[in-house]
Amino acid sequence: MRVFISSVRRGLEGERDALPGLLLGLGHEPLRFEDFGSLPVPSREACLRGVESADAYLLLLGEHYGHPLPDSGRSPTEEEWTVAKRRGIPILVFRKEGITPEPKQGAFIGMVEDYVEGRFRGAFQSVGELLAAVGKAIRALEARPSLLAWKALAVPVTVPWHPQRQGPWGSTSGTVLEVHVLPTTGQAIPATVLANLGKRLARAGRETGVFVEEQALSVTVDEVGATARTGAADRRELATGIRAYRDGTVSLWSQLPSDMLGVLLDEADLRERIAMALRLIADLGLAEGDVALAVGLQGLSMVSIGNIADLNHRTSGSVRLPGGADTALVEPTDTVPAPSLGPAANEIAGELATRLLMRFRSAAR
């Protein structure tokens with residue numbers, strides 16, 4: 001297992017120097033920014049790549065926040081944490097006691113501790129205490145059983161497909177990918193939670209990368225649910241949005257990029273988009289018990305299978321004849337445990353992307 005060690009160095013020098021030996025002794029590979037100095041890429045890029053390739057993320061929280069980067073306004077540690085959260089890998093958090101955090105670090109600690117509620121977390125006062133706590137957490141990760149278990153859907157559920165792409169989602173055009181997570185047991189989001197849900201959707205969308213940081217968002221809340229979506233002012237932006245219904249259903253839609261010859265369906269790209277949606281929905285914490293999953297494509301008039309890297313570099317494409325199916329919908333047939341949505345997002349997304357491409361090929365005949 002590759003474990004990325006994330007923190008500022010100032011004030012945590014002894015801890016950072018001691019952890020690699022512990023991880024190596026447990027049979028795992030430590031990753032730190034100190035080890036990226038000889039690479040032919042900037043240290044920031046190397047560190048973010050390290051988080052992208054890691055199997056687990058180990059965050060140390062001390063007194064100092066670090067120097068905010070000029071373009072993002074966030075410290076390298078916060079950027080690394082954001083990537084780890086987006087990827088849905090296990091996050092181990094350890095906070096040093098007996099120190100007074102800087103104001104920015106205090107705000108970062110509050111955000112992290114809110115996110116890791118119920119996850120691996122701990123406190124330490126000395127290097128020895130940290131090593132003991134990290135060793136215990138790593139062993140727990142090693143022994144953790146797989147959360148993912150597909151089961152046949154016992155009772156049909158209704159998916160809120162939007163063939164006309166109107167209503168609370170707003171109006172969209174082009175080819176739209178939909179991802180739906182639906183509860184299989186009766187539940188209702190309290191009105192007090194629903195009232196603030198729109199802001200939570202917007203914040204979660206930005207944190208997971210579903211929404212671009214600078215995009216203007218429209219947030220609405222009604223008795224049925226809450227929605228956060230990109231504004232319609234700039235037609236050059238791809239339409240994206242999230243809607244959470246009071247019954248616990250969460251839907252995410254995104255307009256796929258295209259060129260003059262239409263959209264290219266790339267399995268790897270679909271898998272990543274679906275996985276990102278599942279991680280966002282997992283972070284919201286609305287799903288309980290077993291949940292059903294559905295994915296679909298709307299608007300298939302100029303869609304073909306290919307490599308997304310070829311967009312804007314093609315000289316030919318495919319145009320479907322009028323009268324053909326304009327949707328490819330994968331209805332729910334089985335369930336997964338809600339706690340697996342984040343940790344197993346990549347595996348679940350791979351299965352759903354494969355099913356969606358099969359359905360598209362059938363619709364294209």
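Helix axes here are lines fitted to C-alpha atoms over the stretch in contact, and angles run from 0 to 180 degrees between N-to-C directions. With that in hand, here are five close-ups of a predicted model.

**View 1. Helices α2 and α3 pack at an angle of about 25°.** Helix α2 covers residues 43–53 and helix α3 covers residues 76–87, and their axes lie 9 Å apart. Angles under 35 degrees count as roughly parallel, so α2 is roughly parallel to α3. The crossing in which α2 passes α3 is right-handed. On the α2 side, the contact uses R44, C47, L48, V51, E52 and S53. Facing them from α3 are E79, E80, V83, A84, R86 and R87. What mix of residue classes makes up this contact of α2 with α3? There are 6 charged residues, 5 nonpolar ones and 1 polar one.

**View 2. Helices α7 and α8 cross at roughly 135°.** Here we look at α7 (residues 197–208) and α8 (residues 267–284), whose axes come within 10 Å. Angles over 145 degrees would count as roughly antiparallel, and α7 and α8 are therefore oblique to each other. Their crossing is right-handed. Helix α7 brings R200, L201, A204, G205 and T208 to the contact, while α8 brings M276, L280, D283 and L284. By class, the residues where α7 meets α8 are 5 nonpolar, 2 polar and 2 charged.

**View 3. Helix α8 also crosses α9, at roughly 130°.** The axes of this pair come within 8 Å, and the angle makes α8 oblique to α9. Once again you will find a right-handed crossing, this time as α8 passes α9. Which residues of α8 take part? They are E267, L270, R271, I274, A275, L278 and R279. Their partners in α9 are A345, N346, I348, A349, G350, L352, A353, T354, L356 and L357. The residues of this α8 and α9 contact divide into 11 nonpolar, 3 polar and 3 charged.

**View 4. The largest cavity has a volume of about 40 Å³.** Let us turn from helix pairs to enclosed space: the model has 2 cavities of 30 Å³ or more. The lining of the largest one is formed by S7, V8, L59, L60, L61, G62, H64, Y65, T77, Q105 and F108. Two elements, β3 (56–61) and α4 (103–115), give two or more residues to this lining. Which of the elements gives the most? Strand β3 does, with 3 residues. In terms of class, the lining of the largest cavity holds 6 nonpolar and 5 polar residues, and no charged ones.

**View 5. The second largest cavity has a volume of about 30 Å³.** Around it you will find L293, A294, V330, E331, P332, T333, D334, L352 and R355. Strand β13 (290–298) and helix α9 (345–364) each supply at least two residues of this lining. Leucine fans may like to spot L352 twice: this residue of α9 belongs to the contact with α8, and L352 also lines the second largest cavity. Charged residues do appear in this lining, which divides into 5 nonpolar, 1 polar and 3 charged.

Note on methods:
Residues are numbered from 1 along each chain as its sequence is written. This is a predicted model: local features need pLDDT of at least 70, side-chain atom pairs count only at pLDDT 80 or more; totals for chains, interfaces and linings use all residues. Side-chain values use heavy atoms; hydrogens and water are left out. Helices (H or I, at least four residues) and strands (E, at least two) are DSSP runs, numbered from the N terminus. Angles under 35 degrees count as roughly parallel, over 145 as roughly antiparallel, 65 to 115 as roughly perpendicular and the rest as oblique. A crossing is left-handed if the near helix is turned anticlockwise from the far one by less than a right angle, and right-handed if clockwise. Contact means heavy atoms within 4.5 Å. Ala, Val, Leu, Ile, Met, Phe, Trp, Tyr, Cys and Pro count as nonpolar, Asp, Glu, Lys and Arg as charged, and the others, Gly among them, as polar. On a 1 Å grid over the protein atoms alone, a cavity is a set of points where a 1.4 Å probe fits but cannot get out, and a pocket is an open set with protein on both sides within 12 Å along at least five of seven lines; lining residues have an atom within 4 Å of a point. Grid points are joined across faces, edges and corners, and a volume is the space filled by probe spheres set on the points.
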